[in-house]
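Here is a short note for a colleague opening this entry for the first time. Please keep the viewer at hand and follow the points in order.

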Amino acid sequence: MQEPLFLKPIFHSKLWGGRKLEKDFGYTLPDGNIGECWAISGHLHGPNEVANGTYKGKLLSDLYVSEPQLFGQPQLKRFPLLIKILDAESALSVQVHPDDDYAEVHENDSGKTECWYVINAEPDAYLIYGHRAKSKEQLAQMIKAGAWNELLRKQPVKAGDFFYVPSGTVHALTKGIEVLETQQSSDVTYRMYDWDRVDKHTGKKRSLHIQQSLDVITVPFEMPKITSKVSHEGDSTITKLVSPPDSKYFSVFENEIKGTVDYHRGKNPFMLYSVIKGQGVLEIGGKQYTIVKGQHFIVPNGVLDWSISGDLLLISSTPSPGNY
C-alpha cells in the first residue's frame, strides 16, 4: 500500500496532568487534567483510529491483525510500540516498570522499556532518574524509612534532552516537563512513592506497589549506555538517539528537517512519525500530504521510499527487527 496511516490521538486524564496539550499542539481536549496523548497505539487501553485513506475508521489494533502485510508480517501478537506525549503539570509518581518475564507472569502484559524526548521544560526542571541504593536490602530499608531525598537521583532537564529508561529503572517526570515517549506497548506501572498527595476525586491516596517495585528494580542503578549517531542531508540533521544493541526494542530518531530529506525503509518493518514543530509535506508514491505540528502517522511496510520537505522537527521510531 502506497499511502501513510494518519491516526486520531486519544487523551487520558491524569491526576498530574494539565491543559498544555491544547495550547502547544492545538488538540481539542476533553474536560479535566489531561496528562497523556496516546498518539500511536494498538494497546487495548486506547487503540487509535485511522483518519485517512483505505483504512479510514479502522482501529490500529484491528488493522495490525487483519492486515499484517502493512507491518511486515509480524510475529508479535499485538502492535509493539506505544507513542505518547505527556504533559506533567505536576510530578508523576516515582515508579518503575517490569521486564517482559515478570509482566507476563504477574500482569498478562508486556514489560515496559521506554524513552523520553523532552519537548519543553520549565527553568530548573528535573527528572527523577535512578536511585542510590547499593543493595536490595538497603533499597527496602530506605523505602520503609521514607528516605526519598537520599534515595532518589535528580537529573536536570531541558528541551531537546533524551533519556533512555530500561525496565527496572526508578523514574518520574516532575512539574513543568513535556515529553514525547516511545515505549513498548504496555500499560504496567508500579508506584513506589506518590508524594503523599490525595486524589481530589476520591479523597484518598493512590495505591502503591512496594513489593512489586522491590521485585523489579535494578540494583545498583547504572546509567544506561547509549551511542547517538548524527548524519546530515543538506541543511537537515538526522540523529539516531537510540538503537540496537543499546535498545532491544526500538530505534528512535530526531529529524530536524530544513529542505527535503529522502528516506528508504531498508530492513525496518515500518516507521512511526510524530511532528513536534513546524510543518511540511510528506510525499509517498507521487502523492503529497501536508503534515503539521501535532500529527502522527505510520509509513507502512509496503512503502520503500518517501520524502519529507519543509521546516519541521519530527521524532520517528521503528521496532527492532530482531525483537519483532
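1. **A starting pair.** Begin at Ser 274, which stands opposite His 296 in β19. This pair belongs to the ladder between β17 (residues 271-284) and β19 (residues 296-299). The two strands run antiparallel and are joined by four bridges. Bear in mind that this is a predicted model.

2. **The second partner of β17.** Strand β17 also pairs with β20 (residues 305-319). Here the sense is again antiparallel, and the ladder holds 11 bridges. To find it in the viewer, pick Gln 279, which stands opposite Asp 311 in β20.

3. **The third partner of β17.** Which residue of β18 is the bridge partner of Val 281? It is Thr 290. The strands concerned, β17 and β18 (residues 287-292), pair in the antiparallel sense. Six bridges connect them.

4. **The turn of that hairpin.** Two residues lie between the strands in the hairpin of β17 and β18. Gly 285 belongs to this hairpin and takes a positive phi near 55°.

5. **From β19 to the start of the chain.** Strand β19 also pairs with β1 (residues 5-8), in the antiparallel sense and over two bridges. Leu 5 stands opposite Ile 298 there. So the reader can walk from β17 to β19 and on to β1. 

6. **From β1 to β4.** Strand β1 has another antiparallel partner, β4, again over two bridges. Lys 8 is the residue to select, and its bridge partner in β4 is Glu 49.

7. **Gly 57, beside β4 in the chain.** Gly 57 is found in the loop between β4 (49-50) and α2 (60-66). Is it buried or exposed? Gly 57 counts as partly exposed, because its relative accessibility is 42%, and that class lies between the 20% and 50% cut-offs. Leaving out residues up to four places away in sequence, Gly 57 touches Glu 49 and Val 50. Glu 49 is also the bridge partner of Lys 8.

8. **Gly 57 and Pro 321.** These two residues are 264 positions apart in sequence. Their C-alpha atoms are 28 Å apart in space.

9. **Gln 73.** Look next at the loop between α2 and β5 (81-88), the place of Gln 73. Phi of Gln 73 is near 50°, a positive value in a residue other than glycine. Gln 73 counts as partly exposed because its relative accessibility is 48%.

10. **Asp 124.** Another positive phi in a residue other than glycine occurs at Asp 124, with a value near 70°. Asp 124 sits in the loop between β7 (114-121) and β8 (126-131). With a relative accessible area of 78%, Asp 124 is exposed, because the cut-off for that class is over 50%.

11. **A cis bond at Pro 220.** The peptide bond joining Val 219 and Pro 220 is cis, and omega is about -10°. Pro 220 has its place in the loop between α6 (210-216) and β14 (229-233).

12. **A cis bond at Pro 245.** Where does Pro 245 lie? Its place is the loop between β15 (236-242) and β16 (250-264). The bond from Pro 244 to Pro 245 is cis, with omega near 5°. Both residues of this bond are prolines.

13. **The whole fold.** Now zoom out. The protein has six helices and 20 strands. Its radius of gyration is 20 Å, close to the 20 Å that the globule rule gives for 324 residues, so the protein is as compact as a globular protein of that length. Along the principal axes, the C-alpha atoms fill a box of roughly 65 × 40 × 40 Å.

14. **Contacts and burial.** Take the contacts with a separation of 6 or more: 73% of them are between residues 24 or more positions apart. Buried residues make up 54% of the 324 residues.

15. **Surface and charge.** The accessible surface comes to about 14,600 Å². Carbon and sulfur atoms account for 48% of that surface. The protein carries 35 positive and 39 negative charges, and the mean positions of the two sets are 3 Å apart.

Terms used: Residues numbered from 1 in each chain as written. Predicted model: local features only at pLDDT ≥ 70, side-chain atom pairs only at ≥ 80, totals over all residues. Heavy atoms only, no water. Rg over C-alpha atoms; globule rule 2.2 N^0.38 Å. Buried < 20%, exposed > 50% of the residue type's maximum accessible area, 1.4 Å probe, protein only. Contact = heavy atoms within 4.5 Å. Areas by Shrake-Rupley, 256 points an atom, 1.4 Å probe, with all protein chains shown as cover. Lys, Arg positive; Asp, Glu negative; His and termini not counted. Charge placed at Lys NZ, Arg CZ, Asp CG, Glu CD. Pairing = 2+ DSSP bridges.
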